[in-house]
Amino acid sequence: MAELNTDILYEAYYSRIAQTPTDFVRPLYYEINWESDIIGIMGPRGVGKTTMLVQRIKLQFADRYEQALYVSLDNLWFNSNTLIDLVRYLDMRGIRNLFLDEVHKYKNWVQTLKNISDIYPRMRIVYTGSSMLEIDYSRADMSRRQTLYTMTGMSFREYLAYEGIAIFPSFPIEELLSRHISIALDITGQTDIMGHFYAYLHHGYYPFYKIAKKDYLLRLRETVKTVIDNDVPAVENFEFETLDKIKKMLMIIAAQVPFVPNINNLSEEIATNRNQALKILYLLDKAKLLFLVTEKEKSYHSLVKPEKILLGNSNLMYALATNPEIGTVRETFFVSQLAEIGSVTSSSKGDYVLDGKYLFEVGGARKSFNQIKDIPQSYLAIDDTLVGRGNKIPLWLFGFLK
């Protein structure tokens, strides 16, 4: 057998090593059990999954990078070579730490990872995949072989650390609700929080804003397009025509958020049927481009009509919507932060319910309690406020939940 030519892979690998800093590491890094044989890191495009893979190599294998290899599975090398070929090549050389990026781009990747685990049990694999992936354990018994983690964009608290402004702890929701005054006093005593908060709403969710700078919103629009054009076909068998419908639906919703959907009308606007429209909505939700607010806890196996639709985070509003309305920006931020810690559903009496327990209204400084005043465990999340009072909590403080 002719020896594999892996030069193109190693060139890309060392280029990534050289370009990836380790001065800021996302908190998820320290939550991962890196000793697991197979580790999956799932999440939407742009949140820093690739950076975390390479940071792991730099932090674990400093000065001995030859003991590991990072590859992106959309590399043209895999057009004429298989992942099994690569693993065999590495194993013969005693290299047993493989970091795979964009695993969803590789056909039959679940079965392939199972085969690698069976044939090369000493090979440790860390991979990243799209948040749209739904791993079908029935095709290959991976449930006991791997540990899965979910990576999303930066919280407001992470943004402050990333900017070098200040490092603060995160707070469980119960503590934040009960101690919000003292927590807010401590934080606002150390930094001009409101200025940083509005900057975060505009550009702080995706870490690549530091590289993109003034082109950030343009780059973010391109990222959205890449998700639809490249990532969606890797996980769903959609025709090109359907991809255009997905883009059209996203722009229709972005122009009207918060969008109260009439699924029949929406279906007509993109020339499809009701079931296909619902499927597209839930796919965009899994991709974190939208957030579907449902009456009960959301299920991707039971596609019920959402009560309200928001964009996935406030940065997407500035990238996709024309002149975003501040009230919707507030709601989008609030929901994106709460969704990190629990199930967010709609309510007939307030705006949102967290885990079926806590009821919230979101608004500006003049927002009143009238709508929810007699309901236990009800709270106002108020913008333009440094420190709250009673059950009125500054909106920005919900960015410290994670």
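Colleague: Which residue stands opposite Asp101 of β3?
Modeller: Ser72 does. This is a predicted model, so the pairing is that of the prediction.

Colleague: What makes β2 and β3 a pair of strands?
Modeller: The bridge count. Two strands pair if there are at least two bridges between them. β2 and β3, residues 97–101, have four. They therefore count as a pair. The sense is parallel.

Colleague: Where does β2 sit in its sheet, and what is the strand order?
Modeller: The sheet is open, has five strands and runs β2-β3-β4-β1-β5. Its pairing is parallel.

Colleague: Why are β2 and β5 called edge strands?
Modeller: Each of them pairs on one side only. β2 covers 69–72 and β5 covers 146–150. From one strand to the next, the twist averages 15°.

Colleague: Which helix lies across β2 and β3?
Modeller: Helix α4, residues 83–92. Its direction is at about 155° to that of β3. Angles run from 0 to 180 degrees between N-to-C directions, so this value lies toward the antiparallel end.

Colleague: Which residues touch the most other members of the largest nonpolar core?
Modeller: Leu98 and Phe398, in a core of 138 residues. With neighbours within four places in sequence set aside, Leu98 contacts Leu69, Val71, Leu83, Leu86, Val87, Leu90, Met123, Arg124, Ile125 and Val126. Another core lies apart from the largest one. That second core has five residues, among them Val353, Ile372, Leu380 and Ile382.

Colleague: Now the other sheet. What is its strand order, and what kind of pairing does it have?
Modeller: The order is β8-β9-β10-β11-β12, in an open sheet of five strands. The pairing is mixed.

Colleague: Why do β8 and β12 stand at the edges?
Modeller: Each has a single partner strand, so one side of each is left without a neighbour in the sheet. β8 spans 344–346. Neighbouring strands here are turned by 35° against each other on average, direction ignored.

Colleague: How do you know that β10 and β11 pair, and in which sense do they run?
Modeller: The cut-off is at least two bridges. Five join β10, residues 358–363, to β11, so the two are paired. They run parallel. Within this pairing, Phe360 has Tyr379 of β11 as its bridge partner.

Colleague: Which strands does helix α15 touch?
Modeller: β8, β9, β10 and β11. The helix, residues 326–338, packs on the sheet and makes about 150° with the direction of β10. Helix α7, residues 173–188, lies across β9, β10, β11 and β12, running at about 110° to β12.

Colleague: Is Gly390 buried, partly exposed or exposed, and why?
Modeller: Its relative accessibility is 48%. Buried means under 20% and exposed means over 50%. Gly390 is therefore partly exposed. This glycine is in the loop between β11 and β12. Residues up to four places away in sequence aside, Gly390 touches His180 and Ile181. The C-alpha atoms of Gly390 and Arg330 are separated by 20 Å.

Colleague: What is notable about the phi of Asp384?
Modeller: The sign. Most residues other than glycine have a negative phi. Asp384 has a positive one, about 55°, and is not a glycine. Asp384 is in the loop between β11, 378–382, and β12, 392–394. At 45% relative accessibility, Asp384 falls between the two cut-offs, so it is partly exposed.

Colleague: Why is Lys213 called exposed?
Modeller: Its relative accessible area is 63%. The cut-off is over 50%, so Lys213 counts as exposed. Its phi is positive too, about 55°. Lys213 lies in the loop between α9, 209–212, and α10.

Colleague: What makes the bond from Val257 to Pro258 cis?
Modeller: Omega is near -5°. Most peptide bonds are trans. Pro258 lies in the loop between α11 and α12, 263–269.

Colleague: How do α10 and α11 cross?
Modeller: At roughly 145°, with the axes coming within 10 Å. The crossing is right-handed. Val224, Lys225, Ile228, Asp229, Val232 and Pro233 of α10 meet Leu243, Ile246, Lys247 and Leu250 of α11. By class, this contact has seven nonpolar, no polar and three charged residues.

Note on methods. Residues are numbered from 1 along each chain as its sequence is written. This is a predicted model: local features need pLDDT of at least 70, side-chain atom pairs count only at pLDDT 80 or more; totals for chains, interfaces and linings use all residues. Side-chain values use heavy atoms; hydrogens and water are left out. A crossing is left-handed if the near helix is turned anticlockwise from the far one by less than a right angle, and right-handed if clockwise. Contact means heavy atoms within 4.5 Å. Ala, Val, Leu, Ile, Met, Phe, Trp, Tyr, Cys and Pro count as nonpolar, Asp, Glu, Lys and Arg as charged, and the others, Gly among them, as polar. A nonpolar core is a set of buried Ala, Val, Leu, Ile, Met, Phe, Trp, Tyr and Cys residues joined through side-chain atoms within 4.5 Å. Buried means under 20% relative accessible area, exposed over 50%, partly exposed in between (1.4 Å probe, protein chains only).
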